[in-house]
Structures are given as structure tokens and as C-alpha cells.
Amino acid sequence: MDHKMELNKTRRKFLRMLAASPVLAGSHLFSNSVTNLLAAGEVTERKFRDWLENFQQSGDQITSPDQVLDVMDFEPLARKVVPPAHFGYLATGVDDDDTVRANHEAYSRIQIRARRLVNAENVDMSRTLFGTKWDTPIVLSPVSAQKAFHPDGELGVARAAGAKGHLMMLSTVATASIEDALAASGKPVWQQLYPTNVWEITQAIVKRAERAGSPAIVLTVDLHDGSNRETLFRAQRVDKRECSMCHMGSYSPFARGRTGAIAAPASAGFANYIARKPMFNGLDVSKVNALHPLDLNWDFVKRLRDTVTVKLLIKGIVTREDAQLAVEHGSDGLIVSNHGGRAEETLRSTIESLPEVIDGVGGKVPVLVDGGVRRGTDIFKALALGATAVGFGRPHSWGLAAFGQAGVEAVLEIYRRELRNIMRQAGTTSVEKITRAYVTPSR
Ligand SMILES: Cc1cc2nc3c(=O)[nH]c(=O)nc-3n(C[C@H](O)[C@H](O)[C@H](O)COP(=O)(O)O)c2cc1C
């Protein structure tokens, strides 16, 4: 018998043994699938490995949040329970989704330089932001329309953020108001701001958030209407439900894909769409035809700065030049972000953009970063490269979709546990001590 035949025989024997194994007796799915695989004949190692990987990631074994090992485990769980079009909305990037992947993959090119023989009995993960001391530098980035993932929506996220002691940012187009989010969290919640094309609307949202007690306004500047979200469009095509049952009017961010056209929201239905969002309640939205208008510029930032009495941050800055301009225009802080790869396909990750933004601000204001953060080690690396705090978007929606508030709490717990772990392992006993010297290239 030649070597190849011998190898195949061994593999088949192994698979048969696996299918019959008492260890897997409780998992019908697993043993049935192995049997199917055997019946299919040609079992290559590659096929088996791919299959095993799919199985492991399928989430079939996980029935409660405490069984989840890392935040990525929540993604397949969410995919199972969220309708395809809504999951497409959550997952989508633009064009080929390469910037989504780039955000995450860039972290794997940064190595950690672990120091030894440092007493790591006590680890202090706390971070102070604008005078508020938080247990950790881990923050929840704004995600719109979270009731599309779970009926608890943003209030489930806010309750989890409050229970675990994390800063949350609330989207302008959230399905909850800032008043309710603040009450649910019991902790400061920052109000994210899409400017819209009508200044009076912008002003009204800012003033409402300030009155409610939100200590910061976060102006998002990285998105223009009409970004090419192909994954969303494709997901929409396979979703056979009737969208108009829930999405009254002719516009919804989920409703574009049927025709494949990138609809400009400047339609009659757009005003209906935003009128249903709590932050627009009571406002005359009849003239609003854009959330993020094309003519937005630094004059707008100046005008906004003159209006906002709390802290003003700009989210979506990725270059040194813009970082400098933002500081010159009175921004109190920046968030390095590319909208989770949902705005434009630059292929440039946010963690690679962070150092030049840090250079640009010259230490004058705090710089946060989000995009592709999936491990405590990613948070550690971002802190080492100078981030004041580190955010994440999709994972809190995965947790929410899978288990409501408890799922979001579990996501937060995992990030905290992993950060604490790597801080100990690398010999950094406080967040302040995580410096550039702890990652490569060090300088
Ligand atoms: C479904 C979804 C909705 C989002 N909505 C908003 C939003 O309303 N405002 C905003 O500034 N950013 C929004 N973002 C971007 C996030 O705040 C954050 O920058 C991004 O998700 C970080 O990347 P990550 O998902 O890889 O962690 C959204 C992201 C997703 C995935």
C-alpha cells in the first residue's frame, strides 16, 4: 500500500472512531456530521479541518453566556437568531469588506514584549476620562438601531454597561433616547451626533443631550450617505420577510438591497424613518434629507464647538493632518475610527492610523480608538500605542442578540478578563504603565 492510501485509511479510521466515540454521544449533530462526511467519500485533511472549524464556530454547543470562551464566539450565535437582513446590516463593511478584516488583522502584526519578575498581584485597570474614573479603559462604541438585534436594544446595552461600569456612547439613530439610556446605565453616557443637513435639528439634539446630563457629544465625521454596503445588500436578498411590516415609509437602512441600488436617503421616506428615532421626537424633521451631509466641513465644527457646552469629541479621524485641525477647532478628544470598515474601503486599519493621530494631537487631548478589537491583547496593544481608551462595536450587538443584557455583560467580562490577564503576563500593573516599550517595534 502506498503512503497516500495508508494516510487516507488512517484518516477514515479516525473519523469512524470519532463518530462512534461515547464522548460525542450527547452531540447528535457532531456524530451525524462525521458520518455524513464519511459517506461523502473523499475526506481530505483540509476538508475535515474546515468542517471542524465550522462546527466549532457554529455555536451549537453554547446555551448560556458563561459557556462562551471569547467574544468571537458570540458572532455565530448572533447570526443564528438575527434575521438575515439585520445580521447583514451588523456585519457589513463596504465593497469587499476588506477594511473590516484589515482592522482586526492588523493587531496580529503587533507583538507584545512581556517583561518578567514584576509583582503582578495587584493590577489596576482603571482609567480617568474627563474627570470620571472608570474601572477599565474599555468603552462601548455607538451602534445604531440595536432593537434590530434584540428587543432589549440599546437599553439592554446601557444596563450591561452600567452593571459592569463601562462608558457607553449612544447613537443618534438609536432606538432609545439619551434620557432612558442614562437612566438604564446609571453612569455617564456620551451622545453620538450625526449632524444632519438641518442646523436646528443638530442644535436641538445637542441641547437635549446636555439637558439630560450627557457629559460629551461625539461628532461622527467618517461617513457619507450611500456607502457601498454589499454584504448588507446580499443578505437582504436572501431575507424573504416583508420589510415594510416594520419599516414603515419608503426608506430604511435595511431596505436598499432588494434592487441593489444605493439609494440616496433624500426621499420622502427618510423623514419618516428618522422621525421614529427617539432622539428626533418632537422635532420637525420634514427638511432633513441626510444624517451625514456631503458638505460637512471645519466651519461646521467651529459652529458646533460654539454651541456645545460639554465636551466635544470627533469620531472618525485617521490622519495626522485632521488630528491637528480637530485640536485647532477646539475638539476635546478624538476617536480614531473608520466606522468599523463601513464607510470607505481604504484597507487601512485604525490601529495603524492611531500613531499618526497621536502625533498630530501632541498630547493635547485624549485619543480613543475602535475597530476590530476582539481580544484583551488588542486592547493592550492599542493602549501601548497611546490610546486613552479602546472601543468596540459589533461584539456588543452579538452579545445582545444572543442573550440580551446578559450577553453584553459577558462580552464585557471577557474583554476585562483578557486585559487583566495580559497585563499580568506582560508585567504591567496599571494601565498607565502600558507604554510603547511593551509592543514591537518599540522605540
Ligand atoms: C451596525 C453598526 C451600526 C453603527 N452605528 C453607528 C452610529 O450610529 N454612529 C457611529 O458613530 N458609529 C456607528 N457604528 C460604528 C461603531 O461605532 C464603531 O466605530 C465600529 O463598530 C467599530 O468597529 P468594530 O465593529 O469592528 O468593533 C456602527 C457600527 C455598526 C457595526
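Is Val 139 buried or exposed? In this predicted model, Val 139 counts as buried, because its relative accessibility is 3% and burial is assigned under 20%.

## Val 139 and its surroundings

Val 139 belongs to strand S3, which runs over residues 138–140. Although 231 residues of sequence lie between the positions of Val 139 and Asp 370, their C-alpha atoms are 9.1 Å apart in space. Asp 370 is in turn listed among the closest residues to the ligand, and the ligand site is described next.

## The ligand and its shell

The ligand is surrounded by 22 residues, and the closest of these are Pro 142, Ser 171, Thr 220, Asp 370 and Arg 374. By residue class, the shell around the ligand is made up of eleven polar, six nonpolar and five charged residues.

Polar contacts to the ligand involve both side chains and backbone. A nitrogen atom of the ligand lies 2.9 Å from a polar side-chain atom of Lys 315, and a ligand nitrogen atom is also placed 3.4 Å from a side-chain N or O atom of Gln 192. At Gly 393, by contrast, the backbone supplies the N or O atom, which is 2.8 Å from an oxygen atom of the ligand. On its own the ligand has 600 Å² of accessible area, of which the protein covers 99%. The space that the ligand takes up is the largest cavity.

## His 292 in a loop

His 292 is placed in the loop that connects helix H11 (268–275) with helix H12 (298–307). Despite this loop position, His 292 is buried, because its relative accessible area is 8%, and the cut-off for burial is under 20%. The side chain of His 292 also takes part in a polar contact, at 2.6 Å, with the side chain of Asp 225.

## Asp 180 in a helix

Asp 180 is part of helix H8, which comprises residues 178–185. Its relative accessibility is 42%, and Asp 180 therefore counts as partly exposed, a class that lies between the limits of 20% for buried and 50% for exposed residues. Along the chain, Asp 180 and Pro 278 are 98 residues apart, while the separation of their C-alpha atoms is 9.9 Å.

Taken one by one, the three residues fall into these classes: Val 139 is buried at 3%, His 292 is buried at 8%, and Asp 180 is partly exposed at 42%.

Notes:
Residues are numbered from 1 along each chain as its sequence is written. This is a predicted model: local features need pLDDT of at least 70, side-chain atom pairs count only at pLDDT 80 or more; totals for chains, interfaces and linings use all residues. Side-chain values use heavy atoms; hydrogens and water are left out. A residue is near a molecule or strand if one of its heavy atoms lies within 4 Å of it. A polar contact is a pair of N or O atoms within 3.5 Å; within protein, one must be able to donate a hydrogen and the other to accept it, and residues adjacent in sequence count only if both atoms are side-chain atoms. Accessible areas come from the Shrake-Rupley method with a 1.4 Å probe; for residues, only the protein chains shown count as cover. On a 1 Å grid over the protein atoms alone, a cavity is a set of points where a 1.4 Å probe fits but cannot get out, and a pocket is an open set with protein on both sides within 12 Å along at least five of seven lines; lining residues have an atom within 4 Å of a point. A molecule sits in a cavity or pocket if more than half of its atoms lie within 2 Å of its grid points. Ala, Val, Leu, Ile, Met, Phe, Trp, Tyr, Cys and Pro count as nonpolar, Asp, Glu, Lys and Arg as charged, and the others, Gly among them, as polar. Helices (H or I, at least four residues) and strands (E, at least two) are DSSP runs, numbered from the N terminus. Buried means under 20% relative accessible area, exposed over 50%, partly exposed in between (1.4 Å probe, protein chains only).
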